[in-house]
Amino acid sequence: MDELNRHAYAADLALFERLQRDSGESGGELGEWADAFPYSRGSIQLTLPELRAFFEEFIALMNRYKRPDADLPPGARTVHTRLLAFPAPLQPPANDDDNRRETDAS
């Protein structure tokens with residue numbers, strides 16, 4: 001299962017990078033959607049039950065925007081979404097900028 005997850009993450013990242021790269025070329029295949037790359041990176045401090053509740057609320061939000069194909073408005077496109085949430089290491093490696101404590105989710 002871990003190997004399948006690694007391949008899925010790599011495929012998601014490759015697709016994101018390709019579309020981002022293509023969007024710089026006069027919008028590429030994305031047209032007016034070329035700037036539609038919302039991104040957020042942050043950290044929050046939670047207990048395990050709070051993390052479970054956070055995930056449930058995320059799923060509820062996703063479900064709020066789901067609709068049958070017959071109800072799609074003109075111009076609607078499939079938008080891939082991914083949530084990756086994991087606990088920080090208890091002792092991050094020294095001088096590791098990627099593991100610095102972030103205070104705001106954005």
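This is a short walk through the fold, the helices and a few side-chain pairs of the structure above.

Okay, hi everyone. One thing up front: what you're looking at is a predicted model. So let's start with the overall picture. The chain has two helices and zero strands. There are 106 residues, and buried ones make up 7% of them. For the surface, the accessible area comes to about 9,700 Å², and carbon and sulfur atoms account for 55% of that. And if you take the contacts between residues at least 6 apart in sequence, 58% of them join residues at least 24 apart.

Now, helix 1. That one runs over residues 2–23. With its 22 residues, helix 1 spans 31 Å from first C-alpha to last, close to the 32 Å you'd expect at 1.5 Å a residue. Which residues are buried in helix 1? Leu19, Asp22 and Ser23 are. Looking down the axis of helix 1, those buried residues fall within an arc of 105°, so they line one face of the helix. Turn to the face pointing away from that buried side, and you find the exposed residues Asp2, Arg6 and Arg21.

Keep Arg6 in mind, since charged pairs are next. In general, side chains of opposite charge can pair when their charged atoms come close. How many salt bridges does the structure hold? Two. Let me take them in turn.

Here's the pair within helix 1. Glu3 makes a salt bridge with Arg6, and their closest N and O atoms are 3.0 Å apart. Both residues sit in helix 1, three residues apart, which is about one turn of the helix. Glu3 has 43% relative accessibility, so we call it partly exposed.

The other salt bridge joins the side chains of Asp12 and Arg82, at 2.6 Å from N to O. Asp12 is in helix 1 and Arg82 is in the segment after helix 2, so this pair ties together parts that are 70 residues apart in sequence. Is each partner buried or exposed? Asp12 is partly exposed, at 26% relative accessible area, while Arg82 is exposed, at 54%.

Okay, on to aromatics. There's one aromatic pair in the structure. Phe16 and Phe37 have ring centres 5.5 Å apart and planes at 75°, so the pair counts as edge-to-face. This pair also links distant parts of the chain: Phe16 is in helix 1, and Phe37 is in the loop between helix 1 and helix 2, 21 residues away. As for exposure, Phe16 has a relative accessible area of 33%, which makes it partly exposed. Phe37 is at 21% and also counts as partly exposed. The cut-off for buried is under 20%.

Last stop, helix 2, which covers residues 48–65. I'd like to point at Leu51, which is found in this helix. What does Leu51 touch, if you don't count residues up to four places away in sequence? Its contacts are Leu46 and Ala85. Leu51 and Ala85 are 34 residues apart in sequence, with their C-alpha atoms 8.7 Å apart in space. Leu51 itself is partly exposed, at 30% relative accessibility.

So, to recap: two helices and zero strands, two salt bridges, and one aromatic pair. If you open the model yourselves, try Asp12 and Arg82 to see the link between helix 1 and the segment after helix 2. That's it from me, thanks.

Key
Residues numbered from 1 in each chain as written. Predicted model: local features only at pLDDT ≥ 70, side-chain atom pairs only at ≥ 80, totals over all residues. Heavy atoms only, no water. Helix = DSSP H or I, 4+ residues; strand = E, 2+ residues; numbered from the N terminus. Buried < 20%, exposed > 50% of the residue type's maximum accessible area, 1.4 Å probe, protein only. Contact = heavy atoms within 4.5 Å. Areas by Shrake-Rupley, 256 points an atom, 1.4 Å probe, with all protein chains shown as cover. Phe/Tyr/Trp six-rings, centres within 6.5 Å; stacked < 30°, edge-to-face > 60°. Expected span 1.5 Å × (residues − 1). Arc of directions from axis to C-beta. Salt bridge = Lys/Arg side-chain N within 4 Å of Asp/Glu carboxyl O.
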